[in-house]
Structures are given as structure tokens and as C-alpha cells.
Amino acid sequence: LYVHRKKKVVQLAQPFFLALIVFGAMVDTTSIIFMSRDNRTSSKEELDASCVAWPWLLSLGQMLTTATLVAKMFRVKVVTGATKVIKTARSNMVRKTKVRAKDVSGFIVLGLLLDIIVLAVWYGTDPFRWSFAVTSRDFQDLILQARGECSSEGDNAWAYPLVIVILHLALLVYGNVLAFQTRAFHFISDSKLVAISLFNSIQLLILATVIIGLSGNNVSISYLIRVCYAFLNNFGVIALVVVPKLYPCVVGKGDETRLS
């Protein structure tokens, strides 16, 4: 992205926003590392820290990625809604609807701030801690099976992740609405690919939440679903939003792209 930042196709999509999307995906995907630690390789203190780290990384990374896409489309909607579209003057239209960082920074900061507030309250009142429980013993009282997982001790521990899920889901739905409303300006906002990306994120979020809820005490299934969700969600965003901008640059056609 940095190497091809001056290519026409990247300039049209705006490198700053593409960089935010990539950075958010990196933060989100990093949570997999902390989800994957257990007591065979880490101490209790390290595991407690990992239990706190991965919800923050997963939540804030996804919020940064999603809020960036939604914020840009929101700005495009505002500008195009107040500007007369003339088919023969698309270049002028693109110039007028260029989204600057300061135009949408408040939108992104607000999304991150809401996540931080919920996560901070969660951490301050009933944070995740590593727990280890024996689930099965034989007739000689030898351990046959045990379960290690991140969990909270409070009765309302489910409320915090539920609030985060609802917040993210609402933003994703709003993003799809904006993509539909700006579909006529897809040459500016990439609303077609963005809509597919956001809808994919909605499906993954709902599916992951339901399966984790039904997995009960099966920590292996819960872990697998969380890892798949983090990876597939970010892979989808990068593949649908970022790669289509960089591929023409890689094959030497970054300056040949035409608005359509």
C-alpha cells in the first residue's frame, strides 16, 4: 500500500483509509495469538493478561475497520446528497466528494470510544481471568479431563460481550444501509464491495455468537469459532476492499484504471 500510494487507483480509494482498514485488521487478527495461549506454555499471570488482551484487540480492531468503512460512506452520502450529479462531469464529482481524514475522524473516534468505555467497565468490574476446572475423574480420583478457559466470576459477565456484539452489529447494519443509499456512487465509495464485506461480517458475527452460546462448556469449539471469526472476518475485508485496489498496481495497471 505504501509503495503504490501514488497510483491512481489507490489515490481514488484514498491511502489513509485503506491504511486504517489494514491496521484494524492487523489488530483484530493479533487477538488470535492471545486466544491460543494455555497453561502448558504460560504462567497464570501471563494467561490472565492474555484473557484481558484478546477481547480488547478483537473488539477495537474490528471497530476500527468497520467504522472506517462506514465513516467514509457516510461522508460520501452527505456530500453527494447536497451535490447535483452530472454524468458528464464525474471527475469533478470525485473531486468534490473526496473524503478527508478530518471529515470522518469524529465518527471513527466515537466508535472506538464506545468500545473502550464498555471494555473498561468490563475490565474494572469483572474482567476475564484464567480458570482451570477438573471435569472428569476415574474411580481412583485421577484426573481424566480438565478445562482451562478465560471466564468472569460475576453473574452478569455475559452482559459486557453482549453489549459489544449489539454495538458492532448495529454499526454493520447501518453500514449496509449507507452502502445501499450510495450505490449510485460506487465509483467513489466502493459501495458494492463494501456492502458485500459488511454483510459478510454480519453473517460471521451472528453465526459466531450463536455457536459460542450453544457450545456451552466445550472450550475447543469456542476457541475454534473465535479464531475462525477473527481470521475470516479480516480476510474478507482485506480481500474485498484492499486487494482490488492493489492488484492493478502490482500488475502495472495502477494508473490505467478508469471510472465506471
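## Internal cavities

On a 1 Å grid over the protein atoms alone, a cavity is a set of points where a 1.4 Å probe fits but cannot get out, and lining residues have an atom within 4 Å of a point. Grid points are joined across faces, edges and corners, and a volume is the space filled by probe spheres set on the points. The model is predicted: local features need pLDDT of at least 70 and side-chain atom pairs count only at pLDDT 80 or more, while totals for chains, interfaces and linings use all residues. Residues are numbered from 1 along each chain as its sequence is written, and side-chain values use heavy atoms, with hydrogens and water left out.

The structure holds 3 cavities of 30 Å³ or more, and the largest encloses about 100 Å³ of space. Its lining comprises 12 residues, of which I21, L69, K72, D190 and V241 lie nearest the centre of the cavity. Two elements, helix 2 (15-35) and helix 3, give two or more residues to this lining; helices (H or I, at least four residues) and strands (E, at least two) are DSSP runs numbered from the N terminus. Helix 3 gives the most, with 4 residues. By class, the lining of the largest cavity has 8 nonpolar, 2 polar and 2 charged residues, where Ala, Val, Leu, Ile, Met, Phe, Trp, Tyr, Cys and Pro count as nonpolar, Asp, Glu, Lys and Arg as charged, and the others, Gly among them, as polar.

## The second largest cavity and the disulfide

The second largest cavity holds about 60 Å³ of space. It is lined by C51, V52, P55, W56, L119, W122, Y123, P127 and F128, and this lining has 9 nonpolar, no polar and no charged residues. Helix 3 and helix 5 (101-125) each supply at least two of the lining residues, with the largest share, 4 residues, coming from helix 3.

C51, one of these lining residues, is joined to C150 by a disulfide with an S to S distance of 2.0 Å. The count of disulfides (pairs of cysteine sulfur atoms within 2.5 Å) comes to 1. The link of C51 and C150 is left-handed, with -80 degrees about the S-S bond. Because C51 lies in helix 3 and C150 in strand 2 (residues 143-151), the pair ties together parts that are 99 residues apart in sequence. C51 is buried at 0% relative accessibility, whereas C150 is partly exposed at 22%; buried means under 20% relative accessible area, exposed over 50%, and partly exposed in between (1.4 Å probe, protein chains only).

## Salt bridges

There are 2 salt bridges, each a side-chain nitrogen of Lys or Arg within 4 Å of a carboxyl oxygen of Asp or Glu. One joins D48 and K44 at 2.9 Å, N to O. Both residues lie in helix 3 (residues 44-81), 4 residues apart, about one turn of the helix. An α-helix has 3.6 residues a turn, so residues three or four places apart point the same way. D48 is buried at 14% relative accessible area, while K44 is partly exposed at 40%.

The side chains of R37 and E46 form a salt bridge at 3.8 Å, N to O. R37 is partly exposed at 28% relative accessibility, and E46 is partly exposed at 36%.

## Helix 6

Helix 6 (residues 159-181) contains A170, which is partly exposed at 45% relative accessible area. Buried residues of helix 6 include Y160, I164, H168, L171 and L172.

Methods:
On a 1 Å grid over the protein atoms alone, a cavity is a set of points where a 1.4 Å probe fits but cannot get out, and a pocket is an open set with protein on both sides within 12 Å along at least five of seven lines; lining residues have an atom within 4 Å of a point.
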